[in-house]
Amino acid sequence: MGQFTEEHSISKEFRQTVPSAAHPLDTRRWKPARVSKRTDSRRWHHFNWIVSSIPVFLTVSGQKGGVAKTCTSIHLASIWAGQGHQVCVVDADRNRSALAYAVRGALPFSVVPVEAAAKATRSADVVITDGQASSDEEELRHLAMGSDLVLLPTAPKARAVELSVELAALLRRVQVPHAVLLVKIDLRQQRAAQQARQALESFGLTVLNAEIPLLAAFDKAEAQGLTVEAATDDRGRADPRRMAGWSAYRTVALELECLISKPSSVASRTIKPLPLSA
Ligand SMILES: Nc1ncnc2c1ncn2[C@@H]1O[C@H](COP(=O)(O)OP(=O)(O)OP(=O)(O)O)[C@@H](O)[C@H]1O
Ligand SMILES: [Mg+2]
């Protein structure tokens, strides 16, 4: 994961929504088209984002603790594994929270510590790296450069937004595509989410249309080692709000497929890798 190549490019259709981006990796002026989520999800099914033998590398990163990096990694992995893809989650957090999540239940994909990633990811279609908060700059840069896209879960709080803007500046310097996912959105405080979105977009960041609601079901799911749609309460009853969380992550998965889509013409091209010190 030491070098970044352009094997996975930003999809042609996505680029067409961004006439100002001269280069697919020029994330400075990305602006996803504002179309309805309903039509989006139908359209995005057309993308062939997994091209055989070339895994997709997604890193879920962020300097703020507790912003659902692990939760996001686990849920995206589960959605793509459910579609028949070989998915491997690489736990790059010293706390080993993704590993701890996985051992509590029976998730349909493998979770491995970063030290074991080389071999474990050999046969994967999708590799999701769960990053850790408060990483040093070199660590972040190396993780980013081994990724096709870095996803930044961000809660609608001032400090979380600031840290995502700072991290995005680093990702821009190393020319790694990135996007923000707003998480833990309290549906009674939608205004905070709107303000966070506006602030992030004012710094030129791409913010996914989908937002993850704040739901107790996520906590329950984590305690049970399950994904949110399988969360139950103490009496074993299904959590009534669980599907809102699950369908939000499904929409995120579709948006990411669009962002990471790999036209086969591009997939086979050999592009000069960027040096790690960029
Ligand atoms: N949408 C959500 N609504 C409510 N709780 C959530 C949501 N997403 C995650 N959580 C809970 O928030 C806590 C932190 O989530 P998680 O461990 O995924 O964050 P993290 O960014 O990986 O944290 P760390 O920085 O410690 O690695 C967990 O208890 C998790 O169950
Ligand atoms: Mg974590």
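With 17 C-beta neighbours inside 10 Å, Gln175 counts as partly exposed, a class that lies between buried (20 or more other C-beta atoms within 10 Å of the residue's own) and exposed (12 or fewer), with C-beta atoms placed from the backbone. Gln175 sits in the loop between H7 and E6, where helices (H or I, at least four residues) and strands (E, at least two) are DSSP runs numbered from the N terminus. Although Gln175 is not a glycine, it has a positive phi of about 60 degrees. This is a predicted model, in which local features need pLDDT of at least 70 and side-chain atom pairs count only at pLDDT 80 or more, while totals for chains, interfaces and linings use all residues. Residues are numbered from 1 along each chain as its sequence is written, and chains are lettered from A and ligands numbered from 1 in the order in which they are written.

Another residue that is not glycine, Ser134, also has a positive phi, near 50 degrees. Ser134 belongs to the loop between E4 and helix H6 (137–145), and it counts as exposed because it has 10 C-beta neighbours inside 10 Å. The table sets these two residues beside two others from this report.

| Residue | Location | C-beta neighbours inside 10 Å and class |
|---|---|---|
| Ser134 | loop between E4 and H6 | 10, exposed |
| Val165 | helix H7 | 18, partly exposed |
| Gln175 | loop between H7 and E6 | 17, partly exposed |
| Asp239 | loop between H9 and H10 | 20, buried |

**The sheet**

The protein chain has eleven helices and seven strands, and of its 278 residues 47% count as buried. Seven strands form an open sheet in the order E3-E2-E4-E1-E5-E6-E7, with parallel pairing; two strands are said to pair if DSSP finds at least two bridges between them. Strand E3 (110–113) and strand E7 (207–213) stand at the edges with a single partner strand each, so one side of each has no neighbour in the sheet. Neighbouring strands of this sheet are turned against each other by 25 degrees on average, direction ignored; the axes behind such angles are lines fitted to C-alpha atoms, for helices over the stretch in contact, and angles run from 0 to 180 degrees between N-to-C directions.

Strand E4 has bridges to two strands discussed here. Five bridges join strand E2 (residues 87–91) to strand E4 (residues 126–130), and the two run parallel; in this pairing Val87 stands opposite Val126, and Val90 stands opposite Thr129. Five bridges also join E1 to E4, again in parallel, and the bridge partner of Leu58 in E4 is Ile128. How many of the five residues of E4 are buried? Five of the five are buried, and both faces are covered, with Val126, Ile128 and Asp130 on one side and Val127 and Thr129 on the other.

**Helices on the sheet**

Helix H7 (residues 158–173) packs on the sheet, where it touches strand E5 (149–154) and E6, and its direction makes about 170 degrees with that of E5. Here two residues are in contact if their C-beta atoms, placed from the backbone, lie within 7 Å. Helix H10 (residues 242–260) also packs on the sheet, touching strand E1 (56–60), E5, E6 and E7, and its direction makes about 160 degrees with that of E7. H10 is mostly covered, since 15 of its 19 residues are buried. At 1.5 Å a residue, the 19 residues of H10 should span 27 Å, and this agrees with its end C-alpha atoms, which are 27 Å apart; the expected span is 1.5 Å times one less than the number of residues.

Within H7, Val165 touches Leu200, Phe203 and Leu205, not counting residues up to four places away in sequence. Val165 and Val180 are 15 residues apart in sequence and 9.5 Å apart in space, C-alpha to C-alpha. With the same exclusion of residues up to four places away, Asp239 touches Ala217, Lys220, Ala231, Thr232 and Asp233. Asp239 and Ala217 are 22 residues apart in sequence, yet 6.3 Å apart in space, C-alpha to C-alpha.

**Around ligand 1**

Of the 19 residues around ligand 1, Gly65, Lys69, Thr70, Cys71 and Phe218 come nearest, where a residue is near a molecule if its C-beta atom, placed from the backbone, lies within 6 Å of it. The elements that give two or more residues to this shell are helix H3 (69–82), strand E6 (178–185) and helix H9 (216–224).
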